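Grab a coffee and open the viewer. Here is a set of short exercises, each followed by a worked solution.

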Amino acid sequence: MTTGQRTGSPIPLVGVEEEFLVVDAERGEVVPEAATVVDRARPALGDRVGGEITKLQVETRTDPCRSLDDLNAQLTEGRVAIQTAARSAGLRVIASGSPVLGRCVPPPMTEGPRQDRGNATFRGLHDELAICAVHVHVEQPDRDRAVLIGNHLRQHLPVLLALTANSPYWSERDTGYASWRTVTWGRWPVAGPPPYLTSARQYDDHVDALLDAGALVDHGTIFWDLRLSTTHPTLEVRVADVPITATESAALAALVRALVVVAGEAVDRGDEGPRLAPELMRLAYWRAARDGMGGHGVDVVSGVLRPAAALAEQLVERARPALDETGDRERVETWLKWLATDGDGATRQRAARALRGRLTDVVDAIATQTAPDVPEREESTAE
């Protein structure tokens with residue numbers, strides 16, 4: 001892939017965080033063995049692997065990358081490492097936005113003072129935290145500019161959600177939604193799209209007000225689907241379910257980076273971005289979570305209901321100039337063609353069940369695609 005340089009500035013670095021569920025290799029049920037997987041994967045990944053808020057989840061991280069080939073390689077490496085580690089302990093990891101089998105309400109939580117503050121603050125909301133997303137970080141060291149870029153990206157969040165919908169099951173039943181993770185996450189006091197903001201100062205003032213109101217534990221619990229990272233000089237897009245395959249996560253990262261680049265150019269021209277009606281954003285989120293790529297979505301600017309595939313094509317067309325410059329256009333267009341043929345993650349999960357009516361088949365299918373070519377069992381080298 002040719003990355004090259006954009007006129008006047010380098011292509012932004014991009015990094016990805018992926019969350020996974022740990023399941024029993026035989027039964028397919030979620031199990032609180034994340035620490036085991038993390039410990040056994042750490043020799044291969046170092047600080048690129050870690051735990052999450054529940055004991056059911058493992059997170060992997062890439063380094064910042066300029067090349068999407070490099071990013072895809074790191075995503076694949078992370079998935080292979082945690083799947084190999086899980087296999088050595090009679091476990092598996094699956095890339096699903098929600099559990100398919102097993103007890104997950106309430107999930108077993110990790111311990112610590114911060115978690116205790118979270119339990120005291122959010123209470124029953126923690127009961128449905130066994131959900132997995134993918135977070136895309138795009139380099140944006142200028143916080144004021146990042147906030148203004150965010151005003152342009154807000155309109156694209158429902159389409160990005162539809163593209164990655166991969167959580168149809170919850171408590172061993174089909175919810176009828178493509179992204180049930182989005183529905184459960186939307187109950188939180190600071191979730192969904194951020195408000196329209198005009199500066200980093202206004203962003204910080206808004207966060208301070210949320211802290212004063214007790215809606216946050218700390219700055220790390222700003223759970224908007226688009227936020228300034230608290231630890232990196234990046235704009236972080238958090239709207240997506242974790243995709244089943246690393247290839248899809250890499251394509252999502254390519255598309256998000258291109259949208260950031262295009263939005264940045266609009267900001268530099270003085271374009272303030274659309275001020276969207278909150279009720280249309282809420283409607284678009286709901287429709288994207290329900291239908292994914294298999295139905296219709298709401299155009300948040302016009303309010304018109306359109307096929308999800310048409311909204312996705314429009315989004316890629318908007319990003320096309322930057323995708324051409326980064327060399328990532330073919331990667332993203334191939335992803336869209338694949339979704340049109342095989343369906344989003346939720347569609348593929350349901351197709352796996354339809355063959356024999358077994359939810360264990362869904363877990364098997366996801367695990368196999370999460371990290372292909374990992375043997376069924378690996379002898380442990382970590383003991």
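## Exercise 1: Backbone oddities

Arg123 comes out as exposed, because its relative accessible area is 62%; exposed means over 50%, buried under 20% and partly exposed in between, with a 1.4 Å probe and protein chains only. Before you go on: this is a predicted model, where local features need pLDDT of at least 70 and side-chain atom pairs count only at pLDDT 80 or more, while totals for chains, interfaces and linings use all residues. Residues are numbered from 1 along each chain as its sequence is written, and side-chain values use heavy atoms, with hydrogens and water left out.

**Task.** Find out where Arg123 lies and what its phi is, then do the same for Glu172.

**Solution.**
- Step 1: Arg123 sits in the loop between H3 and strand E5 (133-139). Helices (H or I, at least four residues) and strands (E, at least two) are DSSP runs, numbered from the N terminus.
- Step 2: Its phi is near 55°, which is positive in a residue other than glycine. Most residues other than glycine have a negative phi, and most peptide bonds are trans.
- Step 3: Glu172 also isn't a glycine, yet has a positive phi of about 65°. Look for Glu172 in the loop between strand E6 (169-170) and strand E7 (173-174). Glu172 counts as partly exposed because its relative accessibility is 39%.

**Task.** Which peptide bond is cis, with omega near -10°?

**Solution.**
- Step 1: Go to the bond from Val105 to Pro106.
- Step 2: Place Pro106 in the loop between strand E4 (91-94) and helix H3 (113-122).
- Step 3: Met109 lies in the loop between E4 and H3 too. With a relative accessible area of 15%, Met109 is buried.
- Step 4: Skip the neighbours within four places in sequence, and Met109 is in contact (heavy atoms within 4.5 Å) with Ile53, Thr54, Lys55, Asn119, His126 and Leu129.

## Exercise 2: The nonpolar core

**Task.** How many residues does the largest nonpolar core have, and which have the most contacts inside it?

**Solution.**
- Step 1: Recall that a nonpolar core is a set of buried Ala, Val, Leu, Ile, Met, Phe, Trp, Tyr and Cys residues joined through side-chain atoms within 4.5 Å.
- Step 2: The largest one has 117 residues, and Val37, Ile82, Leu153, Leu160, Leu163 and Leu255 have the most contacts inside it.
- Step 3: Helix H8 (residues 246-268) supplies the largest share of this core, with 15 residues.
- Step 4: H8 is mostly covered, as 20 of its 23 residues are buried.
- Step 5: Zoom in on Leu160. Beyond its neighbours within four places in sequence, Leu160 touches Val237, Val239, Leu252, Leu255, Val256, Leu259 and Leu315.
- Step 6: Now try Thr164, in helix H5 (residues 157-164). Thr164 is buried because its relative accessibility is 3%. Setting aside neighbours within four places in sequence, Thr164 is in contact with Ala240, Asp241, Leu252 and Trp335.

## Exercise 3: Helix lengths and packing

**Task.** What span should H8 have at 1.5 Å a residue? Repeat for H9.

**Solution.**
- Step 1: The expected span is 1.5 Å times one less than the number of residues.
- Step 2: The 23 residues of H8 should span 33 Å, and the end C-alpha atoms are 33 Å apart, so the two agree.
- Step 3: For the 14 residues of helix H9 (residues 278-291), 20 Å is expected and the end C-alpha atoms are 20 Å apart, which agrees.
- Step 4: Check what follows each helix. Gly270, just after H8, takes a positive phi of about 95°, and Gly292, just after H9, takes one of about 55°.

**Task.** At what angle do H4 and H7 pack, and how far apart are their axes?

**Solution.**
- Step 1: Two packed helices are described by the angle between their axes and the distance between the axes.
- Step 2: Axes are lines fitted to C-alpha atoms, for helices over the stretch in contact, and angles run from 0 to 180 degrees between N-to-C directions.
- Step 3: Helix H4 (residues 143-153) and helix H7 (residues 200-212) pack at about 80°, with axes 8 Å apart.
- Step 4: H4 and H7 are therefore roughly perpendicular (65 to 115 degrees; under 35 is roughly parallel, over 145 roughly antiparallel and the rest oblique).
- Step 5: Arg143, Asp144 and Val147 in H4 meet Ala200, Arg201, Tyr203 and Asp204 in H7.
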